[in-house]
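I opened a new notebook page for this model. My plan is to go from the whole chain down to single residues.

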Amino acid sequence: MMTVTPFAGFLVGLLVGLTGVGGGALMTPLLIFLFGVAPQTAVGTDLLFAFITKSVGGWIYGRHGAIDWRVFRRLALGSVPSSAVTLLWLHTFRLDAANEHWVLQTLGIMLALTSVAMLFKARLHHLGQRVRTETPIQFKAVQPALTVVTGVLIGCLVTLTSVGAGALGAAALLYLYPYRLTPAKLVGTDIAHATALTLVAGLGHVTLGHLDVALLGALLAGSIPGVMLGARLSTRIDARYLRGAIAAILMLVGGRMWLQG
């Protein structure tokens with residue numbers, strides 16, 4: 001398996017570099033269905049995989065001032081405590097092979113939501129612009145609270161499934177901050193938040209024993225050159241149709257996971 005896993009990491013890294021699609025949405029189902037990794041181990045390993053890869057991107061965006069730290073703090077204020085509470089729940093009610101269906105069903109839902117977020121991201125942005133323009137005072141008043149609540153939901157679901165920190169976070173930010181965040185700051189803030197969240201969630205899963213160190217190393221060996229190549233090719237390739245194809249695949253895989261769970 002270890003000879004094939006770096007290639008899987010390379011493929012996922014390449015697609016992430018080309019399309020910006022979160023690695024968790026692609027990597028976790030791949031580990032479960034193709035390599036037969038236990039769902040909990042797939043989630044825990046992928047969370048640390050995401051932290052390591054996203055921390056590099058977050059550092060680069062931070063150096064260029066492309067992170068909105070106020071928005072980051074609002075998201076983290078909800079997501080980090082939410083992740084900690086979810087981890088406490090997982091510690092208290094340890095999942096075993098008999099009830100892995102909860103992991104698969106939740107993962108199926110998250111993959112479907114990620115697919116919808118990819119397909120309708122532009123519409124969410126336009127909706128946010130319209131609401132911000134038509135009711136600016138009311139929208140401004142609830143904006144901080146809605147951001148914290150968004151963080152709470154993302155923190156819980158990402159801790160359970162490793163999916164959604166990137167795609168769902170970006171879609172939410174497009175709606176909540178349609179004018180404040182430039183494209184670069186949108187990506188940078190989303191990556192910075194995902195880095196903090198996956199660190200907390202990943203370390204929590206390590207304490208639960210949901211980590212395969214050899215698998216993590218093999219995935220990173222392939223993903224790092226894959227992301228670099230994808231980022232270079234992204235300026236030469238129109239990835240819109242590729243994003244649509246990936247979204248459709250995620251919807252199908254999510255449905256399969258729901259039924260299998």
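**Entry 1: charges.** I settled the counting rule before anything else: Lys and Arg are positive, Asp and Glu are negative, and His and the chain ends are left out. On that rule I get 18 positive and 8 negative side chains in the protein. I also looked up the centres of the two sets, and they lie 13 Å apart.

**Entry 2: confidence.** I note that this is a predicted model. I looked up the mean pLDDT of the protein and found 83. A value of 70 or more is reached by 90% of the residues. Which elements sit at the two ends of the confidence range? Helix 4, residues 69-92, has the highest mean pLDDT among the elements, at 94. Helix 11, residues 240-260, has the lowest, at 74.

**Entry 3: fold and dimensions.** I looked up the secondary structure and found eleven helices and zero strands. Read along the sequence, the pattern is α-α-α-α-α-α-α-α-α-α-α. I then took the box along the principal axes: the C-alpha atoms fill roughly 55 × 45 × 35 Å. The radius of gyration is 17 Å, and a compact globule of 261 residues would have one near 18 Å, so the value agrees with that rule.

**Entry 4: surface and contacts.** I found that buried residues make up 49% of the 261 in the protein. The exposed area comes to about 12,400 Å². Carbon and sulfur atoms supply 70% of that area. I also checked how far apart in sequence the contact partners are. Of the contacts between residues at least 6 apart, 86% join residues at least 24 apart.

**Entry 5: helix 2.** How many of the residues in helix 2 are buried? I find nine of the eleven, in a helix that spans residues 23-33, so helix 2 is largely enclosed by the rest of the structure. I listed the buried ones: Gly23, Gly24, Ala25, Leu26, Met27, Thr28, Pro29, Leu31 and Ile32.

**Entry 6: helix 9, Asp190.** I went to helix 9, residues 183-207, where Asp190 lies. Is Asp190 buried or exposed? Its relative accessibility is 8%, and the cut-off for buried is under 20%, so I log Asp190 as buried. I looked up its contacts, leaving aside neighbours within four places in sequence. They are Ala165, Gly166, Gly169, Ala170 and Leu173. I also took one C-alpha distance: Asp190 and Ser55 are separated by 11 Å, with their positions 135 residues apart along the chain.

**Entry 7: two histidines.** His205 is also in helix 9. I find it buried, with a relative accessible area of 3%. Beyond four places in sequence, His205 is in contact with Gln40, Val43, Gly44, Leu47, Leu87, Leu90, Thr159 and His210. That last partner sent me to His210, in the loop between helix 9 and helix 10, residues 213-233. His210 is buried too, with a relative accessible area of 12%. What does His210 touch, not counting residues up to four places away? I list Gln40, Thr41, Gly44, Thr45 and His205. Gln40 and Gly44 appear in the contact lists of His205 and His210.

**Entry 8: loops around helix 8.** Ser162 is in the loop between helix 7, residues 136-161, and helix 8. I checked its backbone: phi is near 70°, a positive value in a residue other than glycine. Ser162 is buried, with a relative accessible area of 7%. Pro178 is in the loop between helix 8, residues 167-176, and helix 9. I find Pro178 buried as well, at 6% relative accessibility. Outside four places in sequence, Pro178 touches His125, Gly128, Gln129, Arg132 and Leu173. The C-alpha atoms of Pro178 and Leu153 are 20 Å apart, for a sequence separation of 25 residues.

**Entry 9: an exposed residue.** I ended with Arg232 in helix 10. Its relative accessibility is 63%, and exposed means over 50%, so Arg232 counts as exposed. I took its C-alpha distance to Val149 and got 36 Å. The two are 83 residues apart in sequence.

How values were computed. Residues are numbered from 1 along each chain as its sequence is written. This is a predicted model: local features need pLDDT of at least 70, side-chain atom pairs count only at pLDDT 80 or more; totals for chains, interfaces and linings use all residues. Side-chain values use heavy atoms; hydrogens and water are left out. Helices (H or I, at least four residues) and strands (E, at least two) are DSSP runs, numbered from the N terminus. Buried means under 20% relative accessible area, exposed over 50%, partly exposed in between (1.4 Å probe, protein chains only). Contact means heavy atoms within 4.5 Å. The radius of gyration is taken over C-alpha atoms; the globule rule is 2.2 Å times the number of residues to the power 0.38. Accessible areas come from the Shrake-Rupley method with a 1.4 Å probe; for residues, only the protein chains shown count as cover. The place of a charge is taken as NZ of Lys, CZ of Arg, CG of Asp or CD of Glu. pLDDT is the predictor's confidence in each residue, from 0 to 100.
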